[in-house]
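Visitor: I have not seen this structure before. Please take me through it step by step.

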Amino acid sequence: GVPKPQRRIFEAALERAGCTRDEVVMIGDSWPNDIVGAHHMGIRAVWLNRFGHRIPDARLAAELTALEPIEDTAALLLGEL
């Protein structure tokens, strides 16, 4: 019943997944709702920048412009890139 970027939505997602903050990655296309929200929760974030915008703060998130090739996406999510 609460929208992103409120803490409770991230807490509920972690609770439902049975995970801790350091076990998940937030992939989102909304900088203020997804990336900043995850950052405030201590969750690693990946910004899906589908529209080629300038990244507001590269310290907050890795950046993807597409989810393909899947091998590169998987490596980024697993922290290998």
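Guide: Two strands count as paired if DSSP finds at least two bridges between them. Keep in mind that this is a predicted model. With that rule, Leu-48 stands opposite Leu-64 in β3.

Visitor: In which order do the elements run from the N terminus on?

Guide: The protein has 3 helices and 3 strands. From the N terminus on, these elements follow the order α-β-α-β-β-α.

Visitor: What does the globule rule give for 81 residues, and how does the protein stand against it?

Guide: Along the principal axes, the C-alpha atoms fill a box of roughly 35 × 25 × 20 Å. From the N terminus on, the elements within it run α-β-α-β-β-α. The radius of gyration is 13 Å, so the protein is as compact as a globular protein of that length, for which the rule gives a close value of 12 Å.

Visitor: Which residue of β2 is the bridge partner of Ile-27?

Guide: Strand β1 covers residues 25-28 and runs parallel to β2, with 4 bridges joining the two. Together with helix α2 (residues 31-41), β1 and β2 make a right-handed β-α-β unit. Within the β1 to β2 pairing, the partner of Ile-27 is Val-46.

Visitor: How many bridges pair β2 with β3?

Guide: Strand β3 spans residues 62-64, and its pairing with β2 is in the parallel sense. One facing pair across these strands is Leu-48 and Leu-64. The number of bridges between β2 and β3 is 3.

Visitor: How many of the 5 residues of strand β2 are buried?

Guide: A residue is buried when its relative accessible area is under 20%. Strand β2 takes in residues 44-48, and it is largely enclosed by the rest of the structure because the buried residues there number 4 of the 5.

Visitor: Is Asn-49 buried or exposed?

Guide: Asn-49 lies in the loop between β2 and β3. Its relative accessible area is 3%, and the cut-off for burial is under 20%. Asn-49 is therefore buried.

Visitor: Leaving aside neighbours within four places in sequence, which residues is Asn-49 in contact with?

Guide: Asn-49 sits in the loop that links β2 to β3. With those sequence neighbours set aside, its contacts are Glu-63, Leu-64 and Thr-65.

Visitor: What share of the exposed area do carbon and sulfur atoms supply?

Guide: Buried residues make up 31% of the 81 residues in the protein. The protein exposes about 5,400 Å². Of that area, the share from carbon and sulfur atoms is 54%.

Conventions
Residues are numbered from 1 along each chain as its sequence is written. This is a predicted model: local features need pLDDT of at least 70, side-chain atom pairs count only at pLDDT 80 or more; totals for chains, interfaces and linings use all residues. Side-chain values use heavy atoms; hydrogens and water are left out. Buried means under 20% relative accessible area, exposed over 50%, partly exposed in between (1.4 Å probe, protein chains only). A crossover is right-handed if, with the strands pointing away from the viewer, the path from the first strand over the helix to the second runs clockwise. The radius of gyration is taken over C-alpha atoms; the globule rule is 2.2 Å times the number of residues to the power 0.38. Accessible areas come from the Shrake-Rupley method with a 1.4 Å probe; for residues, only the protein chains shown count as cover. Contact means heavy atoms within 4.5 Å.
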